[in-house]
Amino acid sequence: MPQQVACIEPGSFTVRDEIEAACRGFGLNVSFTPDPHFTCDLKVFNDWADDGRKNLVMENFYRMQRKRLGILMDSDGEPEGGEWNYDKQNRRTFKRSPHPPPPPTFKPDDVTRQVLKEVSELLPELYGKPSGFNWPVTRGQALQALVDFIDNRLPQFGDYQDAMWHGEHTLYHSLLSPPLNLKLLNPREVVHAAVRSYRAGKAPLNAVEGFIRQVIGWREFIRGVYFHEGPGYAHRNGLKQDGRLPDFYWSGDTDMRCMRDALGGVISTAYGHHIARLMVTGNFALIAGVGPIAINDWYLGMYADAVEWVTTPNTVGMVMHADGGVVGTKPYAASGKYIDRMSNYCADCTYNMNQRVGEQACPFNTFYWDFLIRNKSHFKKNHRMRMILKHVEKMDKQERDEITQQAEALRERMGIV
């Protein structure tokens with residue numbers, strides 16, 4: 001008869017509770033060991049977070065990680081190249097149709113084929129298209145995916161990591177979050193592979209630093225926030241939004257070109273890169289007034305890399321700004337002008353991204369200004385929102401009323417209310 005159970009730390013409070021309850025039922029003690037598939041133990045994160053900080057700023061955490069792990073650091077303790085962050089160099093857009101290398105393909109093995117068959121037979125109404133499955137499911141395939149990214153897409157990743165283009169759902173992104181989150185890859189080997197590429201002169205510093213920041217910075221920061229804030233974090237709703245998620249999130253059936261393309265990619269491949277998630281599907285949910293739990297459930301259900309520790313704080317905190325500013329000091333809310341600047345979506349869209357109201361007005365514009373009007377008092381003390389709120393203050397009452405009325409009509413038509 002076993003005396004106790006030893007487990008690696010689970011990726012969610014739900015799973016941890018289930019393990020503890022099962023062990024109690026058998027009268028067994030359970031212990032949890034730090035997960036070696038991360039570069040920052042939760043104790044290290046908690047010590048950093050609880051060290052008299054008013055806010056948990058990812059950039060500060062990232063710099064601590066770089067120093068602690070000795071990644072891209074000079075011998076004198078300064079960041080290699082003289083800068084910690086090259087994000088300003090990583091916002092280029094495409095002037096013409098890009099031709100990124102295609103992602104690697106993985107021939108389904110017997111197990112994969114059987115699972116796809118059973119999913120299709122047992123869950124025929126399930127959203128998504130299993131016929132397009134092309135993710136690494138073994139350690140060997142995961143290593144193949146890593147080599148493919150390092151050799152073929154990392155050199156351009158930095159410049160175009162925030163860019164979008166119609167019909168191009170992967171571009172120069174790594175596609176490594178599913179095998180990382182499934183623990184087919186270790187973040188240390190991923191980071192070291194990127195650094196070796198830089199040392200060999202095959203990838204520029206801005207690309208390598210930007211990628212490493214996502215792996216040892218943002219990924220670890222988000223995990224730390226999830227466990228530091230506790231099980232109640234998933235239910236936070238700081239902006240008091242409770243709208244339904246529109247049905248087109250599941251079908252992709254919408255006349256908004258950016259949303260149709262972003263949603264279509266998710267439905268076909270269970271993937272969308274971080275800007276499509278944050279500034280298209282996420283931004284729309286935020287400014288339209290969708291409830292945080294509704295959009296969080298969608299992300300958890302639709303993405304191949306979805307695990308509660310990463311999805312929930314990214315959604316509740318970064319996308320929906322529902323956590324009171326723990327993850328971000330300002331909401332990632334934007335009008336259609338941002339999407340137009342970073343993509344070619346608006347060129348052939350039904351809507352006019354220069355209009356706020358009217359039949360041709362871009363819904364992102366209507367909802368964006370309605371979001372600011374609705375939450376003006378909430379953000380009045382936020383210094384990062386001060387400038388944009390001045391534009392709201394300058395609006396006359398008639399314009400504000402027109403925006404509010406059109407937003408209400410849109411919410412009703414889309415089934416959000």
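A pocket, in the sense used here, is an open set of grid points with protein on both sides within 12 Å along at least five of seven lines. The structure discussed below is a predicted model, and its second largest pocket has a volume of about 650 Å³. The lining of this pocket comprises 26 residues, and those nearest its centre are Pro130, Phe133, Trp135, Ala270 and Ala304. Helix 4 (110–122), helix 11 (257–269) and helix 13 (292–302) are the elements that give two or more residues to this lining. Of the elements, helix 4 gives the most, with five residues. By class, the lining of the second largest pocket consists of 19 nonpolar, six polar and one charged residues.

Enclosed spaces may be considered next. Three cavities of 30 Å³ or more are found when the whole structure is searched. The largest cavity has a volume of about 90 Å³. Among its 13 lining residues, Cys258, Cys346, Cys349, Met353 and Cys362 are the closest to its centre. Helix 15 (336–342) and helix 16 (363–374) each contribute at least two residues to the lining of this cavity. Its lining contains 11 nonpolar and two polar residues, and no charged residues.

The second largest cavity holds about 60 Å³ of space. Which residues line the second largest cavity? They are Met164, Trp165, Glu168, His169, Asp261, Ala262, Tyr271, Gly272, His273, Ala276 and Tyr345. Sorted by class, six of these are nonpolar, three are polar and two are charged. Charged residues are thus present in the lining of the second largest cavity, whereas the lining of the largest cavity has none.

The account now turns to the strands. Strand 1 (residues 4–8) and strand 2 (residues 29–33) run parallel and are joined by five bridges. Within this pair, Ile8 of strand 1 stands opposite Thr33 in strand 2. Between the two strands the chain passes through helix 1 (residues 13–25), and the resulting β-α-β crossover is right-handed. In a regular strand, side chains alternate between the two faces of the sheet.

Two individual residues illustrate contrasting surroundings. Val392 belongs to helix 18 (residues 386–394). Is Val392 buried or exposed? Its relative accessibility is 2%, and because buried means under 20% relative accessible area, Val392 counts as buried. Leaving aside residues up to four places away in sequence, Val392 touches Trp369, Leu372, Ile373, Lys376 and Arg400. Of these contacts, Trp369, Leu372 and Ile373 fall within the range of helix 16 (363–374), an element that also supplies residues to the lining of the largest cavity. Val392 and Trp135 are 257 residues apart along the chain, and their C-alpha atoms are separated by 46 Å. Trp135 is one of the residues nearest the centre of the second largest pocket.

Lys67, by comparison, is found in helix 3 (residues 58–69). The relative accessible area of Lys67 is 54%, and because the class of exposed residues begins over 50%, Lys67 is exposed. Not counting residues up to four places away in sequence, Lys67 touches Met73 and Trp84. The C-alpha atoms of Lys67 and Val326 are separated by 23 Å, and these two residues are 259 residues apart along the chain.

Terms used:
Residues are numbered from 1 along each chain as its sequence is written. This is a predicted model: local features need pLDDT of at least 70, side-chain atom pairs count only at pLDDT 80 or more; totals for chains, interfaces and linings use all residues. Side-chain values use heavy atoms; hydrogens and water are left out. On a 1 Å grid over the protein atoms alone, a cavity is a set of points where a 1.4 Å probe fits but cannot get out, and a pocket is an open set with protein on both sides within 12 Å along at least five of seven lines; lining residues have an atom within 4 Å of a point. Grid points are joined across faces, edges and corners, and a volume is the space filled by probe spheres set on the points. Helices (H or I, at least four residues) and strands (E, at least two) are DSSP runs, numbered from the N terminus. Ala, Val, Leu, Ile, Met, Phe, Trp, Tyr, Cys and Pro count as nonpolar, Asp, Glu, Lys and Arg as charged, and the others, Gly among them, as polar. Two strands pair if DSSP finds at least two bridges between them. A crossover is right-handed if, with the strands pointing away from the viewer, the path from the first strand over the helix to the second runs clockwise. Buried means under 20% relative accessible area, exposed over 50%, partly exposed in between (1.4 Å probe, protein chains only). Contact means heavy atoms within 4.5 Å.
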